[in-house]
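Reader: Could you walk me through how to read a model like this one? I'd like the general idea for each feature, then the case at hand.

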Amino acid sequence: MPKTINEIVQKKQKQKITVVTSYDYTMATLCDQVDILLVGDSAGMVMLGYDNTSPVTMDQMCMFTEGVSNGRKNALIVADLPNKSYDNESDAVSNSQRLIDAGADAVKLEGRLPEIVKAIIKAGIPVMGHLGLLPQTAKKYSVQGKTEDDAQVLLEDSKALEDAGCFTIVYEMVASETMKKITESVSVPTIGIGCGKYCDGQVLVIHDMLGLYDKINPKFVKRYLSLSDTIRKAVSEYVNDVENQVFPADEHSYHMETQT
Ligand code: KIV
């Protein structure tokens with residue numbers, strides 16, 4: 001049985017919550033030991049080659065979510081509502097339902113939008129919030145919550161999302177000291193990306209942590225593998241083998257039945 005929202009929420013202050021992004025069946029089967037597989041709209045960048053997440057559509061998010069859903073056995077699936085898909089309560093609810101129908105257990109949206117969050121929850125769909133850097137609308141990528149005033153705004157935004165009923169909140173690129181204060185002040189688990197250690201959980205984009213996407217290399221990413229190098233090397237060996245007729249060898253070939 002996949003993890004439940006309740007099991008994940010109960011981990012606050014007991015054990016860290018683990019989250020990675022996932023956008024397809026194969027990666028979901030490989031990453032399923034985490035608590036949450038996040039079908040992030042970062043898919044627009046790492047899967048579709050866009051410069052940012054703004055152009056991602058509902059149809060695309062539904063397709064990525066279906067692939068992840070077909071591969072998971074253990075993790076909870078949270079899918080991102082893409083840019084412009086939750087501009088009003090009615091769109092937010094119908095688009096959230098589309099992601100649930102595609103296999104998500106919950107949805108995530110960016111910003112302090114308590115009324116939208118409440119409308120989705122009223123329709124029976126759990127919501128994860130997202131504060132700090134908001135890639136769908138950000139003009140530039142910069143660290144948030146660096147001054148006392150900004151930290152106070154972030155804390156108030158967090159409380160508004162907590163009161164609206166979000167079961168967790170993702171924070172992106174927030175100063176570590178601000179994050180400590182927020183994590184201690186809200187009852188919902190905080191999940192950080194680029195926010196330091198004072199969060200209840202961590203999320204990374206899977207292509208970043210595996211070294212598969214080398215267009216950007218943010219300071220907050222820990223690269224556990226360098227898969228892009230490994231893949232380029234393997235493909236170059238394959239090209240060499242085919243061109244030099246080393247592949248396919250006899251063991252890769254089928255033969256006619258021998259006559260007796
Ligand atoms: O889309 C995404 O991958 C995300 C993470 C950065 C949290 O929202």
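Author: Let's take the ligand site, then a salt bridge, then the backbone. Keep in mind that this is a predicted model.

Reader: Fine. Which residues are around the ligand?

Author: For that, you list residues with a heavy atom within 4 Å of the molecule. Here the list is Thr21, Leu38, Gly40, Asp41, Ser42, Asp80, Lys108, His130, Val170, Glu172, Ile193 and Val205. By class, that shell splits into 4 nonpolar, 4 polar and 4 charged residues.

Reader: And which side chains have a polar atom close to a ligand oxygen atom, and at what distance?

Author: The idea is to look for N or O pairs within 3.5 Å. Among them, serine 42 puts a polar side-chain atom 2.5 Å from an oxygen atom of the ligand. For lysine 108, the distance to a ligand oxygen is 2.8 Å, and for aspartate 80 it's 3.2 Å, counted from an N or O atom of the side chain. As for cover, the ligand taken alone exposes 250 Å², and the protein buries 96% of that.

Reader: Where does the ligand sit?

Author: In the largest pocket.

Reader: On to salt bridges. How many does a search of the whole structure find?

Author: You look for a Lys or Arg side-chain nitrogen within 4 Å of an Asp or Glu carboxyl oxygen. The search turns up 13. One of them joins lysine 3 and aspartate 35, at 2.8 Å from N to O. This pair links distant parts of the chain, 32 residues apart: lysine 3 is in the segment before helix H1 (5-9), while aspartate 35 is in the loop between helix H2 (25-31) and strand E2 (36-39).

Reader: Which residues does the cis peptide bond join?

Author: For this one, you read omega. Phenylalanine 247 and proline 248 are joined by a cis peptide bond, with omega about -5 degrees. Proline 248 falls in the segment after helix H10 (227-243).

Reader: What about phi at methionine 173?

Author: There you check the sign. Methionine 173 isn't a glycine, yet its phi is positive, about 50 degrees. You'll find methionine 173 in the loop between strand E6 (168-172) and helix H8 (176-185).

Terms used
Residues are numbered from 1 along each chain as its sequence is written. This is a predicted model: local features need pLDDT of at least 70, side-chain atom pairs count only at pLDDT 80 or more; totals for chains, interfaces and linings use all residues. Side-chain values use heavy atoms; hydrogens and water are left out. A polar contact is a pair of N or O atoms within 3.5 Å; within protein, one must be able to donate a hydrogen and the other to accept it, and residues adjacent in sequence count only if both atoms are side-chain atoms. Accessible areas come from the Shrake-Rupley method with a 1.4 Å probe; for residues, only the protein chains shown count as cover. On a 1 Å grid over the protein atoms alone, a cavity is a set of points where a 1.4 Å probe fits but cannot get out, and a pocket is an open set with protein on both sides within 12 Å along at least five of seven lines; lining residues have an atom within 4 Å of a point. A molecule sits in a cavity or pocket if more than half of its atoms lie within 2 Å of its grid points. Ala, Val, Leu, Ile, Met, Phe, Trp, Tyr, Cys and Pro count as nonpolar, Asp, Glu, Lys and Arg as charged, and the others, Gly among them, as polar. Helices (H or I, at least four residues) and strands (E, at least two) are DSSP runs, numbered from the N terminus.
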